[in-house]
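Okay, thanks for coming, everyone. Let me put the structure up and walk you through what I found.

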Amino acid sequence: MQHRQLAPFAPDFLWGASTSAYQVEGAFDADGKGPSVQDARTTFPEGTTDYKVAADHYHRYAQDVELFAELGLTAYRFSVAWTRIVPDGDGEVNREGLAFYHRLIDALLERGIEPVLTMYHFDLPQALQQKGGWGSRATVEAFTRYARILFEEFGSKVRYWLTINEQNMMILHGAAIGTAGDVAAGDTKGLQRALYQQNHHMMLAQAETMRLCHELVPGGKIGPAPNISVVYPASPRPEDILAAEDFNAIRNWLYLDMACRGGYNPTAWTWLTEKGIAPEIAEGDLEILGSGRPDFLALNYYATATVAAPLAGEDVGAVEGADQQLAVGEDGVFRSVRNEHLPVNAFGWEIDPVGFRTTLRVVYDRYRLPLLVTENGLGAFDTLEADGSVHDAYRIEYLAAHIGQMRAAVSDGVEMLGYCPWSAIDLISTHQGVRKRYGFVYVDRDEFDLKELKRYRKDSFFWYQQLIKSGGTEVTAA
Ligand code: BG6
């Protein structure tokens, strides 16, 4: 649909940016913090850094918040490291960890920046992982207890809460992200069965947490934060369209149906049971799953996926091993294909702004809840010039195109709460080191040479600043 005139963004639309604790904070063992699964990782892809220092935001948060204020952010989406608050996941509470997030949140509020708090972003406490991680029901209890601590501690300051970041990517791509733990070593079917049991437990934890938020935080709003993008069929062939519907159910609706409707998506459930990888559902689980409801849906969007129906008996490739945007295949269900209509970035991820509009529309049509974009952005190799500038016209082009399509979605009738691109500041990518940068602010360090970790404003910083000032109307490319 072409609009004769585009609708404006609402005056209270949240113009934000995002980070996650383990990718930005560093200070991996400071002030009583316990190790997370990311700290316990012993291998990293060759030539890439670990997360020990990251962007050192833990020590430099005050300076960073100043930069966010100068950028004009009205929201900042960050995650709390569970291991700073409860170092072993289910034991003693660490007051120093709480104090850090109070300082951060207070600094944001003083500058009129709305804190958007993610409770868990890929960094499960290692002590819980050693006791079975999400495969164990005890982790549901540990998470709910941790959530209660956060609500009681920060409930008077934080209005927007996110439960679990990209639960679907932890299930579909946990090995690349570093969250799969030992199950990654099993056979494919055993691995998938274990992962979908973990998934079921995370769903329970999420439902309990959403219910608890409404009980403990007056006026608090909470939602899930999966990675959602519509799946295209490779052709108008009916079999390809069915394959796309199947992957849509497995990749997207399984997660959102559960969060919003409290039950398993029927197509996804049929696939799970037929394949023999369905989770065990204990007595009372369905009541718990039905008892939590989100107030909004957060979603991370990078690009669409495209799939075809597999040929009879075709081996479609590994179910694990690819990353968040490089899709997997499922024997007898779908095979991923490259979409020739879309360009790719330097890391092979397709770029699809129109798919962003379609995704927002489809999700809003299905669930009729306001949407908050909690990630979207371009990972690229940036160059710091001798004069301290960083010319990232490619990032401006990417963001301008996506914001333009988001405005078209608003004009289509989608209710949008805000936009928090990835990332506010350079941080460490999930498996491609610091060289894959996303930030508006450049952090001067290499993979193994930390230099001084000085901050520099990129061209995209000044561009986003202007855009926010204009209320999102000045969506011009570089
Ligand atoms: C999302 C994650 O999957 O994508 C982030 O929530 C991640 O943690 C982002 O950093 C970009 O992915 P990557 O692999 O380029 O860091």
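First, how I name things: helices (H or I, at least four residues) and strands (E, at least two) are DSSP runs, numbered from the N terminus. This is a predicted model, so local features need pLDDT of at least 70 and side-chain atom pairs count only at pLDDT 80 or more, while totals for chains, interfaces and linings use all residues. Residues are numbered from 1 along each chain as its sequence is written, and side-chain values use heavy atoms, with hydrogens and water left out.

Overall, you're looking at 14 helices and 13 strands. The C-alpha atoms fill a box of roughly 60 × 55 × 45 Å along the principal axes.

Now, two backbone oddities. Most residues other than glycine have a negative phi, and most peptide bonds are trans. Here, the bond from Trp422 to Ser423 is cis, omega near 5 degrees, and Ser423 sits in the loop between β11 (416–419) and β12 (441–443). Then there's Asp31: not a glycine, yet its phi is positive, about 50 degrees. You'll find Asp31 in the loop between α1 (21–24) and α2 (57–71).

On to the ligand. Which residues come nearest? Among the 16 around it (a heavy atom within 4 Å), those are Glu166, Glu375, Thr430, Lys436 and Tyr438. By class, that shell has five nonpolar, eight polar and three charged residues; Ala, Val, Leu, Ile, Met, Phe, Trp, Tyr, Cys and Pro count as nonpolar, Asp, Glu, Lys and Arg as charged, and the others, Gly among them, as polar.

For polar contacts (N or O pairs within 3.5 Å), ligand oxygens pair with side chains: Glu166 at 2.5 Å, Glu375 at 2.7 Å and Asn165 at 2.9 Å. And how much of the ligand is buried? Taken alone it exposes 380 Å², and the protein buries 100% of that (Shrake-Rupley, 1.4 Å probe).

Key
A polar contact is a pair of N or O atoms within 3.5 Å; within protein, one must be able to donate a hydrogen and the other to accept it, and residues adjacent in sequence count only if both atoms are side-chain atoms.
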